[in-house]
Amino acid sequence: MSSAGAGMPSMIDFDRISRDRLPALLRSAPKAELHIHIEGSLEPELIFQLAQRNGVALAYPSVEALRAAYAFTDLQSFLDIYYAGASVLLKEADFFDMAWAYFQRAAADNVVHAELFFDPQTHTARGVDIGTVIRGLHHACQRAHAELGISAALILCFLRHLSEDEALATLDAALPYRHHFIGVGLDSSERGHPPEKFARVFAKARALGLHLVAHAGEEGPPAYIESALDVLQVERIDHGVRCLEDPALVRRLAAARMPLTVCPLSNVKLCVFQDLSQHNLPALLDAGLCAMVNSDDPAYFGGYLNQNLVETFAALPQLGARQAYQLLRNGFEASFVAADKREAWYRMLDAAFAGAVTAG
Ligand code: HPA
Ligand code: ZN
């Protein structure tokens, strides 16, 4: 079996799924989402609602004015607005409402499993207790499972523009809630903040049995992907699209089936690629990499998971049914779940694609 076709079922004739059926198939197929910052799902309408509820002043007079400010030139220009938007989150109910709104949208997109990033330091810096953050998000995860059938988990991210000592203090503060999150990640401003800056806190998280992921190779160089692997010992790379600049690294990532949680609309909004037709997702798949599509910060970047998938496939004629299957399967392969759960999702995915094959 070639690595480019890892896990492809031989009984599905992908050539008999026509391109015009792809948008509906992408929408209806079961999906995992592994790269979603829950604070990035905060829609302008909810920002204004929470601002009013909590008496927080916003720098923008209206929903329309806020949305109009979503014209980003790079990661930092986005992060400045994203952290300002999160300033309305103060109470447990605010964190619950934000995550519940995401889960309802995810259910509409047929997301069956979601691993949510959250940024506790964005909130503790404003005097919000970390328990308030985690309890609110955890309750939303529980309700998503009970009412929407979505399996959901939390990944605590450290802000890489802050110090490692602050990350260590954050991990310590989160330990009473250890059973409410499955892993740690690394996000925020990438350039100038290499993964190795967080070697000790990731070693500590590893010793605690937490899963490890890190943003690397979004704006930062391929060397950051390497140090995320070598120093932090991560199990997934978030973004990672710049790996293609280093062929030896690509071979290493493919051989290890190291997942890359790619976010196409995000990459265009933050000017990593000029437009979707320039995105390197087809090349990542051709290289045999375990890439999948995610929404990153859907309220800011123009769409949730299905929007990312449908727009990306519309813009890239190299992507057909085979690649659609591979991307969705990779999402399940890369998720932090027990093997029996993953196998059940593979079977659901196979059924969705088998049902789209035209007879004759
Ligand atoms: N990159 C880095 N940090 C982030 C992002 C991102 O795309 N979204 C939210 N925090
Ligand atoms: Zn991200």
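In this predicted model, glutamate 190 is placed in the loop that runs between strand E4 (183-187) and helix H9 (199-207). The residue is buried but forms no salt bridge. Arginine 160 carries the nearest side chain of opposite charge, at 4.7 Å, and a salt bridge would require a separation within 4 Å. A polar atom of the glutamate 190 side chain does lie 2.9 Å from the backbone nitrogen of glutamate 219. Leaving aside residues up to four places away in sequence, glutamate 190 touches Leu75, Arg160 and Tyr224, together with His215, Ala216, Gly217, Glu218, Glu219 and Gly220.

One of these contacts, His215, is also a donor to the zinc ion (ligand 2), through NE2. The other donors of this ion are His35 (NE2), His37 (NE2) and Asp296 (OD), and the coordination distances are 2.0 to 2.2 Å. The four donor atoms subtend angles of 81 to 173°, and the site is irregular. Tetrahedral geometry would need all angles to lie between 85 and 135 degrees, so the range of 81 to 173° does not meet that criterion. For reference, the ideal angle for four tetrahedral donors is 109.5 degrees. The donor residues follow the sequence spacing H-x1-H-x177-H-x80-D. Within this set, histidine 37 and aspartate 296 link distant parts of the chain, being 259 residues apart. Histidine 37 belongs to strand E1 (residues 31-37), whereas aspartate 296 is found in the loop between strand E8 (290-293) and helix H14 (298-301). Histidine 37 has a relative accessibility of 4% and therefore counts as buried. Aspartate 296 likewise counts as buried, because its relative accessibility is 2%.

Two residues were examined for backbone conformation. Most residues other than glycine have a negative phi. Glutamine 233, which is not a glycine, has a positive phi, near 60°. This residue is located in the loop between helix H10 (222-232) and strand E6 (236-239). With a relative accessible area of 41%, glutamine 233 is classed as partly exposed. Cysteine 271 is a further residue other than glycine with a positive phi, in this case near 65°. The loop containing cysteine 271 connects helix H12 (264-269) and helix H13 (281-286). The relative accessible area of cysteine 271 is 47%, so this residue is also partly exposed.

Technical notes: Residues are numbered from 1 along each chain as its sequence is written. Chains are lettered from A and ligands numbered from 1 in the order in which they are written. This is a predicted model: local features need pLDDT of at least 70, side-chain atom pairs count only at pLDDT 80 or more; totals for chains, interfaces and linings use all residues. Side-chain values use heavy atoms; hydrogens and water are left out. Helices (H or I, at least four residues) and strands (E, at least two) are DSSP runs, numbered from the N terminus. Buried means under 20% relative accessible area, exposed over 50%, partly exposed in between (1.4 Å probe, protein chains only). Lys and Arg count as positive and Asp and Glu as negative; His and the chain ends are not counted. A polar contact is a pair of N or O atoms within 3.5 Å; within protein, one must be able to donate a hydrogen and the other to accept it, and residues adjacent in sequence count only if both atoms are side-chain atoms. Contact means heavy atoms within 4.5 Å. Donors are N, O and S atoms within 2.8 Å of the metal (3.2 Å for Na, K and Ca); water is not among the atoms, so sites may look incomplete. Four donors count as tetrahedral if all angles lie between 85 and 135 degrees; four count as square planar and six as octahedral if opposite donors are over 155 degrees apart and all others between 65 and 115; anything else is irregular.
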